[in-house]
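Please read these comments alongside the coordinates. They cover strand pairing, burial and one surface patch.

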Amino acid sequence: MNKNNYIGLLLITTIIFVFSFFMKEKDINHVPIIYDEVISNDTKNSNIRYYVLENEYIKIKISSLGGKICYSEIKNYKNWQNNPTIIFEENYKNSFYIKNDTYNFNTKNLVFNIKECYFQDNNYILKLISDSDIEYIYTIENKNSYHVDLDINLENINIDLEDVNINLQYNLIRQEKDIYNEKLYTKLYYKNSSNIVSSKDESNLDISINDQLHWISFKQNFFTSIIEIKNQFFSKNKFKIIDCNNDNLLKNILVSSDIKLNSSKNISLKFYFCPCQLSILQNIDKNLDKIIELGWGPLKSINLLLLIPFFNLLEKTNLNYGIIILIMTLAIKIGLFPLTYGSYMSNVKMKIIKPEIDLLKRKFGDNPYKLQQKYMNLYRIAGINPLGGCLAIVIQIPILLSFFYFFPSSFELRQKSFLWVSDLSSYDNFINFNYTIPFIGDHISLMCLLMTLSTILYTYSINQNNKTYDNMQYIGYLMPFLFFGFLNHYSAGLNYYYLCSNIITFLQQKIISKIIDEEYIKSRIKKYDILKN
């Protein structure tokens, strides 16, 4: 080969390489991820095909029988058994179909075949058509999206329909280790035309809702599926909720709603399959944050305006979530320190003046009015505000209760580990039993046990400082055991927060007691004759 041949071969190789590169990019960016699966081992449904659409966030499977979504999976997350997070699956008798009883019209048993599938405007589009000329158009975004559009075209059918009835059956699949709490948080939510969000969670519920609805949410603890109608409403709604006696299922929810058809006989629906994460839900609908259990009234405001923004800020540091909880506890304790300082000072001073209080009781016990005056004089001399210890407690109680809702509902803590805890959003079953113990359950949570011991230690410290020997001290020791039975099933993150809070409170009390000059207070009291008439 001469020089020209080598140059020619090099040019051809370069052209082939460049052409292959650009064609590969074209395939990646413009060919939709659409494929079909045929059930060959099921003789009953051997002719059913399953068409699959997926992007980075979700995967859905559409059955040719009824043209319905028969499978939905939220990718990038696992359930408690480390299996895919499947929200909707036909094997659990879930269903979706539209009908009209007047004309004996039902899509449940119609066979849909592919009419077209293509990529357009960064969307994957799948068009299905039935023998009755009903057209289903599924659209899923290629980019980060948790929703699937379904446009139903009934224009070509030979029935004069004015409205149709949509039917959904959801057997909500268990995703979390703690099935008891997951059932507790499993509810049906809906938003009416006045933008009011309501919920239903009662088992064996069978009711009718006459309001016009924008969307309906089938909500579990950390995941939800939502159906929304565009430019129309769901009306004449019937809801039925049945509790499932199954280790893999939570509740069975059936929904029947009417849709008034427009002149073009088109229905536009959106299906969302997404985590119950505040930022994701608010991007869908600003009212969807109401499906997350954040407490009522001021407790919800504390979570939305204080705890969640602070938590999100700390989350950006990429620290372990156990460290983030510790930092949150420290920050709250430091922020409340001016108030708690006054409370601690009052408690220690009350301990110092207790002998004088006993003297006043013995001398003026027969005259309550006089005794109260002497008490107030003694408090003034010692520098004690009788109400000083109440303000800190009043402010801390709503924060403590807000955390009670925050931890079990925080998606960010789901399956996040810390020390021996594998999931901060659920209990840590450090010790398991093969049987159930009344009031405790079938396990012992080590984090809850440590929290209980720290509460007992703190109670003992208070009783020692105040020299309390009445029956109230026994109630103080009883309460931690009652809380243990209650919180043993709750989030390890919540128990860890209470543990950190107890330890920090105990240390604060010890430090403050060291800096109080007891002799100075006693010398002030001696300057005045408190027993003088």
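The points below concern a predicted model.

1. One open sheet has six strands in the order 7-6-12-19-18-15, and the pairing is antiparallel. Strand 7 (105–106) and strand 15 (205–209) are at the edges; each has a single partner strand, so one side of each lacks a neighbour in the sheet.

2. Within that order, strand 6 is next to strand 12. Strand 6 (residues 95–100) and strand 12 (residues 163–173) run antiparallel and are joined by five bridges. Phe 96 lies opposite Leu 168 of strand 12.

3. Strand 20 (residues 266–275) is largely enclosed by the rest of the structure, because nine of its ten residues are buried. Buried here refers to a relative accessible area under 20%.

4. Strand 20 pairs with strand 11 (residues 147–153) in the antiparallel sense, over seven bridges. In this pairing Asp 151 stands opposite Ser 268 of strand 20.

5. Strand 17 (residues 223–229) also pairs with strand 20, again antiparallel and over seven bridges. Here Ile 226 has Tyr 272 of strand 20 as its bridge partner.

6. A nonpolar patch of about 650 Å² lies on the surface, made by Leu 419, Trp 420, Phe 430, Ile 431, Leu 449, Leu 450 and Leu 453. Strand 21 (429–437) and helix 10 (446–466) are the elements that give two or more residues to this patch. Helix 10 supplies the largest share, three residues.

7. Which element holds Leu 449? Leu 449 is located in helix 10. Its relative accessibility is 33%, so Leu 449 counts as partly exposed.

Notes. Residues are numbered from 1 along each chain as its sequence is written. This is a predicted model: local features need pLDDT of at least 70, side-chain atom pairs count only at pLDDT 80 or more; totals for chains, interfaces and linings use all residues. Side-chain values use heavy atoms; hydrogens and water are left out. Patches are made of residues with over 30% relative accessible area and no salt bridge: like charges are joined within 9 Å, nonpolar side chains (Val, Leu, Ile, Met, Phe, Trp, Tyr) within 5 Å. Accessible areas come from the Shrake-Rupley method with a 1.4 Å probe; for residues, only the protein chains shown count as cover. A salt bridge is a side-chain nitrogen of Lys or Arg within 4 Å of a carboxyl oxygen of Asp or Glu. Helices (H or I, at least four residues) and strands (E, at least two) are DSSP runs, numbered from the N terminus. Buried means under 20% relative accessible area, exposed over 50%, partly exposed in between (1.4 Å probe, protein chains only). Two strands pair if DSSP finds at least two bridges between them.
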